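I opened the model to check one sheet, one helix and one loop residue. My entries follow in the order I made them.

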Amino acid sequence: MWRQFVLTSLCVVALAGIAQANGRAPGTSTINFRQGAEQHIAAGMTFGLLYSDDGGATWQWSCEDAVGYGGMYDPDYAYTSTGALFATTFDGVKVNRDGCTFAPTSLEPAPPAVKFFSVIAQGPDGAIYAAAADPMDAKIYKSTDNGMTFPVAAAAGQLNDWYQSLEVAPSNASVIYVSGYRIKAGQPKVFLLFKSTNGGASYAPLPVTDFATMPNSTIDIVGIDPANPNLVYARVTLEDNSISDAIYRSTDGGQSWTRILGKQASIAFLVRKTGELVAATQAFGTVHSTNTGTTWTDVAGAPHINCLAENSAGEVWACTQNYGSPQVPSDDFGIMKSTNLTTWTGVVKYQDIQEPRPCAAGTPQKDQCDAVLWCGLCSQLGCTANRDCAAAGDGGPGVDQTVVQKPPKGCCETGGEGVPGLLAIGIAVGMVMLRRPRRTRC
């Protein structure tokens, strides 16, 4: 049933445009730093994946085809110290080790089988965990050799369970928290929490009775204290079944939970390496706490945020609004960063993406992203293609070949650099579906 739903959804949404990402406004969904070499960054977009190898000074683009997914789906990524970038896809976990090709791992079944992995995470010891959410598999797999093999596997739940989030304690690689849910025909949705204290060899259930949930809700593990593996934070999405999120705290390793924050919006949440908490929204501001969420203080002047990440230098990076909309003003950048939550610096404008990631002929990155889609993407985003698109015929069937530079003042801008007219409708429609269709992991 779930496999059929996933594949049907993929077929339906695959018919939409490039930068609008199947009806969604162009936006940033995840920010991932390479362990131990954080000048290398992979940022998930609603229109593919951006790479920077110089700390965010310049950016290159890969399309969805190069990663191996499509539709209104945002992959989960893990970026290891060796430079391997792992991604969850509709047919297993894939890995990019050469900068160009996302190749199968042992977690991708042989065709025509399909196995979906919902989340992937990396522990402080470098171990990689991938959770299968598939009618034929409900195991959480572990690799200790940079994803070459996944010899450890344990089922936290049952077949057909959906794993929503997976987090490893920063201070104790043996402690892992997993959330999810179970849906059976004619029965209420069952919310699930699990914990492993032996590095993923086995998982034990945790109580969920302290959470206030509705049928549309999910429970996400969104952070673990950097020094205390028993101090953990969870988010209940759509706690009112409509628009509101809430943050909960457990001080006893998930045995009991206390609601510490609520917003009438989707909450992006970060536990900083100092233990400070940051909770951000796109339209209702950002708050922070230095006492594990007992009290919260407004962050004045924060941008409009839908995801958060922190690097080892203590910089907070945020997914922000490159173009904006009538509901959410533009920040003029798709990613911004701050060291003190007071002053924010722009990192990337979509209009300044330099080029497709250069790869050899015969790869999807070269043959599809570069040769077919790049000119169309630049036409929509307003970036400079640095090629004669009309002469080359790039962009694919039905894609506008014109390379759009900065739109004139008063044309169709919503702030800063403005947004090409083709995207104005997409942004208006996209804001109706402001919420992420799945968990986005930073």
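**Entry 1: the sheet**

I started with E21 and strand E22 (residues 277-280), which pair in the antiparallel sense over 4 bridges. This is a predicted model, and I kept that in mind throughout. Across the pair, I found Val278 of E22 as the bridge partner of Leu270. The connection is a hairpin with 5 residues between E21 and E22, and Gly275 in that turn has a positive phi of about 95°.

I then moved on to the next pair. E22 and strand E23 (residues 286-289) are also joined as a hairpin with 5 residues between them, and they pair in the antiparallel sense over 4 bridges. In this turn I noted Gly285, with a positive phi of about 80°. I looked up two bridge partners in E23: Thr286 for Ala280, and Ser289 for Leu277.

Next came E23 and E24, an antiparallel pairing over 2 bridges. Here I found His288 opposite Thr297 in E24.

In what order do the strands lie in the open sheet? I read off E21-E22-E23-E24, 4 strands with antiparallel pairing. Strand E21 (268-271) and strand E24 (297-298) stand at the edges with a single partner strand each, so one side of each has no neighbour in the sheet.

**Entry 2: faces of the inner strands**

Are the side chains of E22 buried or exposed? I found Leu277 and Ala279 pointing one way and Val278 and Ala280 the other, and all of them are buried. E23 is covered on both faces: Thr286 and His288 are buried on one side, Val287 and Ser289 on the other.

**Entry 3: helix H3**

I checked the end-to-end span of helix H3 (residues 364-381). A straight helix of 18 residues would span 26 Å at 1.5 Å a residue, but the end C-alpha atoms of H3 span only 21 Å. I then looked for a bend and found a kink of about 60° centred on Leu373. Leu373 is itself among the buried residues of H3, which also include Gln365, Cys369, Asp370 and Trp374. Towards the end of the helix I listed Cys375, Gly376, Leu377, Cys378, Ser379, Gln380 and Leu381 as buried too. After H3 comes Gly382, with a positive phi near 90°.

**Entry 4: Thr320**

I located Thr320 in the loop between strand E26 (316-319) and strand E27 (335-338). Why does Thr320 count as buried? Its relative accessibility is 2%, and the cut-off for buried is under 20%. I looked for a polar partner and found the side chain of Thr320 reaching the backbone oxygen of Phe333 at 2.8 Å. Phe333 is also one of the contacts of Thr320 beyond four places in sequence. The others I noted are Pro303, His304, Ile305, Asn306, Asp331, Gly334, Ile335 and Met336.

**Entry 5: confidence**

I closed with the confidence scores. The protein averages a pLDDT of 86, and 83% of the residues score at least 70. I marked two stretches where pLDDT stays under 50: residues 1-17, with 19 contacts beyond four places in sequence, and residues 394-442, with 136 such contacts. Where pLDDT is low, the predicted coordinates should not be read in detail. I took no further notes on residues 1-17, where pLDDT stays under 50, or on residues 394-442, where pLDDT also stays under 50.

Technical notes
Residues are numbered from 1 along each chain as its sequence is written. Side-chain values use heavy atoms; hydrogens and water are left out. pLDDT is the predictor's confidence in each residue, from 0 to 100. Contact means heavy atoms within 4.5 Å. Buried means under 20% relative accessible area, exposed over 50%, partly exposed in between (1.4 Å probe, protein chains only). A polar contact is a pair of N or O atoms within 3.5 Å; within protein, one must be able to donate a hydrogen and the other to accept it, and residues adjacent in sequence count only if both atoms are side-chain atoms. The expected span of a helix is 1.5 Å times one less than its number of residues. The bend at a residue is the angle between axes fitted to the seven residues ending there and the seven starting there. Two strands pair if DSSP finds at least two bridges between them.
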